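Colleague: I have a structure to go through with you. Tell me how each label is earned.

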Amino acid sequence: MTVALLTAAGIGSRMKMELPKQFLHIDGRPVIVHTMQAFQQHPQIDAICVVTLEPWIETVKAYALEFKITKLKWVVTGGKSGQESIFCGLKELEKHCDATTSVMIHDGNRPFVSSEIISDSLATYKQYGSAIAAMPCVEAIFRSQDAIESSVSIPREELFRTQTPHTYSLEKLLWAHKQADAQHIENTAATCVLMNMLGEKIYFSKGSDKNLKLTTQDDLDIFKALISRKEMWGGYNSIV
C-alpha cells in the first residue's frame, strides 16, 4: 500500500494573507485540491492523508467530495511545527496501515508535482529504501554570515536543493520521529534533514523547477502563470 501524506497545516505568514496559502482559490480550486488531484490521478497511490489546521478539517473533507478525491481517507490536525504535523499524520496512519506501507510525504502547497516525479520517487524508494526529490544547483553559491558580503564560494556541482515528495516506509518514519523525541530534535520540517541528523543516507529522486512550493507572493504569481499555460496547451502533462 502507498499513502500520500500531505502537509497543509501552515498559516501562510510569509504570504502575508489572512487565508492560509493552501486554501487560496486558483483556477476555480483551492491549492490543496490541485495537490490532492495530482495524487488522486496517479495509479500507484492508494490513499491520501491530509494534515491541516483544525478549523479546516471539515472543509478539506468537503473539498474531497466536491472534487471527487476518492482516495482521501484521513484528515487530521497538525502540530506547532512541520515536524510535529508530519508526526501527527504518521500516528494516524499507524492506526490503519501496516508498518511496511510506503508513505510519500509531500507539501500541500506544492501543487504542480508531476506524475513523473511521483513515479520516480516510488522507483527510487523501491531500489534504495528511501527517496528525496532533489534538483542540482545551477547558480553560483556563496556563504555569508551577515547577508551583506562574502568571501567564500561553494562549488555548485556538489550542491543539491531538495523538494518533496520524501518517500519512506511507515516503520522507518515512525522510528525517525520517535528518535527525534528521544533526542530532543525539533523543528526539522524536512524529513531528509531529520534523517540526516539521525545518520541516515539520503537518496535522490527526480525533482523539477515546476514543482515549486507556494511560499511567497512571487511563487503564487508563477503558479498562476503555469495554470494559464496549462489551459493554453491543453493539459497538465504538457507543462511538467
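Modeller: Let's start with Thr35. Setting aside residues up to four places away in sequence, Thr35 is in contact with Leu6, His106, Asp107, Gly108, Arg110 and Pro111. Keep in mind that this is a predicted model.

Colleague: Where is Thr35, and what makes it buried?

Modeller: Thr35 is in helix H1. Its relative accessibility is 0%. Buried means under 20%, so Thr35 counts as buried.

Colleague: Next, strand E4. Why is E4 called largely enclosed by the rest of the structure?

Modeller: Six of the six residues of E4 are buried, so the label follows. Both faces are covered. Ala47, Cys49 and Val51 are buried on one side. Ile48, Val50 and Thr52 are buried on the other.

Colleague: How do you know that E4 pairs with E1 and with E5?

Modeller: Two strands pair if there are at least two bridges between them. E1 and E4 have six bridges, in the parallel sense. One of the partners is Ala4, which bridges to Ile48 in E4. E4 (residues 47–52) and E5 (residues 72–77) have five bridges, also parallel. Here Val51 has Val76 in E5 as its bridge partner, and Cys49 stands opposite Trp74 in E5. Both counts meet the cut-off of at least two.

Colleague: What do E4, helix H2 and E5 make together?

Modeller: They form a β-α-β unit, and it is right-handed. H2 covers residues 57–66.

Colleague: Which residues of H2 are buried, and how do you know that they line one face?

Modeller: Ile57, Val60, Tyr63 and Ala64 are buried in H2. Looking down the axis of H2, these buried residues fall within an arc of 120 degrees, so they line one face of the helix. Glu58, Leu65 and Glu66 are exposed on the other side of H2.

Colleague: What covers the buried residues of H2?

Modeller: The cover includes strand E2 (25–26), strand E3 (29–30), helix H1 (31–40), E4 and E5. After H2 comes Lys68, with a positive phi near 60 degrees.

Colleague: On to cysteines. Why is there no disulfide between Cys97 and Cys49?

Modeller: The closest cysteine sulfur to that of Cys97 is in Cys49, 8.5 Å away. A disulfide needs the two sulfurs within 2.5 Å. So 8.5 Å is too far for a bond. Cys97 counts as buried, at 11% relative accessibility.

Colleague: And why does Cys192 have no bond to Cys137?

Modeller: The sulfur of Cys137 is the closest cysteine sulfur to that of Cys192, at 13 Å, so it is too far for a bond. Cys192 has a relative accessible area of 8% and is therefore buried. By the 2.5 Å rule, the count comes to zero disulfides.

Colleague: How many aromatic pairs are there, and why is the pair of Phe23 and Trp56 called stacked?

Modeller: A search of the whole structure finds three aromatic pairs. In the pair of Phe23 and Trp56, the ring centres are 3.9 Å apart and the planes are at 10 degrees. Pairing asks for centres within 6.5 Å, and stacked for planes under 30 degrees apart. So this pair is stacked. It links distant parts of the chain, 33 residues apart. Phe23 is in the loop between strand E1 (2–8) and E2, and Trp56 is in the loop between E4 and H2. Phe23 is buried, at 1% relative accessible area.

Colleague: What makes Tyr128 and Tyr203 a stacked pair?

Modeller: Their ring centres are 4.4 Å apart and their planes are at 10 degrees, so the pair is stacked. Tyr128 is in helix H4 (residues 115–128). Tyr203 is in the loop between helix H6 (191–197) and strand E11 (204–206), 75 residues apart from Tyr128.

Colleague: Why are Tyr128 and Tyr203 called partly exposed?

Modeller: The relative accessible area is 43% for Tyr128 and 26% for Tyr203. Partly exposed lies between buried, under 20%, and exposed, over 50%. So Tyr128 and Tyr203 are partly exposed.

Colleague: Last, is His177 buried or exposed, and what is it in contact with?

Modeller: His177 has a relative accessible area of 3%, so it is buried. Its place is in helix H5 (residues 170–183). Leaving aside neighbours within four places in sequence, His177 is in contact with Gln83, Ile86, Phe87, Leu90 and Leu194.

Conventions:
Residues numbered from 1 in each chain as written. Predicted model: local features only at pLDDT ≥ 70, side-chain atom pairs only at ≥ 80, totals over all residues. Heavy atoms only, no water. Buried < 20%, exposed > 50% of the residue type's maximum accessible area, 1.4 Å probe, protein only. Helix = DSSP H or I, 4+ residues; strand = E, 2+ residues; numbered from the N terminus. Right-handed = clockwise from strand over helix to strand, strands pointing away. Arc of directions from axis to C-beta. Contact = heavy atoms within 4.5 Å. Phe/Tyr/Trp six-rings, centres within 6.5 Å; stacked < 30°, edge-to-face > 60°.
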